[in-house]
Amino acid sequence: MSDTRANRRKRRWRRPSIQQCHCCGQQKPFCWRCRCGFEICQSCMQENVWGMSCNHITWQCPDCGQLNGFGNQ
Ligand SMILES: [Zn+2]
Ligand SMILES: [Zn+2]
């Protein structure tokens, strides 16, 4: 009887490689991310860019109001 398999511990769920958009709820390989943890996918960002960015250089997080830069994660 071997119990090597039973001894294998499950890894704790930490950081997923796939990010979940807080706007549409879908899981995407890439999301814009705020320091507060808010994530928004590329397509939602494009839809809401008029409300989140006034200059297309920075976007404002709807959660905390912090300004984040495009392309500078
Ligand atoms: Zn989305
Ligand atoms: Zn934020």
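Read from one end of the sequence to the other, the chain runs through the pattern α-β-β-β-β-α-β-β. In this predicted model, that amounts to two helices and six strands. Burial is limited to part of the chain: 12% of its 73 residues count as buried. Among contacts with a separation of 6 or more, 22% join residues 24 or more positions apart.

A good place to begin a tour is the core. The largest nonpolar core has seven residues, namely Cys21, Cys31, Trp32, Ile40, Cys41, Cys44 and Trp59. Strand 3 (31-33) and strand 4 (39-41) are the elements that give two or more residues to this core. As a general background, nonpolar side chains in soluble globular proteins tend to be buried together. Cysteine 31, a member of the core, offers a view of its surroundings. Once neighbours within four places in sequence are set aside, cysteine 31 is in contact with Gln19, Cys21, Glu39, Ile40 and Cys41. Of these partners, Cys21, Ile40 and Cys41 also belong to the core.

The next stop is helix 2, which spans residues 42-52 and includes glutamine 42. Glutamine 42 has 13 other C-beta atoms within 10 Å; because exposed residues have 12 or fewer and buried ones 20 or more, glutamine 42 is classed as partly exposed. Its C-alpha atom lies 9.9 Å from that of proline 29, and the two residues are 13 apart along the chain.

Beyond helix 2, histidine 56 sits in the loop that leads to strand 5 (58-60). The backbone here deserves a look, since the phi angle of histidine 56 is near 60 degrees, a positive value in a residue other than glycine. With 8 other C-beta atoms within 10 Å, histidine 56 is exposed.

The loop that follows strand 5 and precedes strand 6 (67-69) holds cysteine 61. Cysteine 61 is partly exposed, because its count of other C-beta atoms within 10 Å is 19, whereas burial calls for 20 or more. Apart from neighbours within four places in sequence, the contacts of cysteine 61 are Cys34, Cys36, Phe38, Gln66 and Asn68. One of these partners, cysteine 36, is 25 residues away in sequence, and the C-alpha atoms of the two cysteines are 8.7 Å apart in space.

Definitions and conventions: Residues are numbered from 1 along each chain as its sequence is written. Chains are lettered from A and ligands numbered from 1 in the order in which they are written. This is a predicted model: local features need pLDDT of at least 70, side-chain atom pairs count only at pLDDT 80 or more; totals for chains, interfaces and linings use all residues. Helices (H or I, at least four residues) and strands (E, at least two) are DSSP runs, numbered from the N terminus. Two residues are in contact if their C-beta atoms, placed from the backbone, lie within 7 Å. A nonpolar core is a set of buried Ala, Val, Leu, Ile, Met, Phe, Trp, Tyr and Cys residues joined through C-beta atoms within 7 Å.
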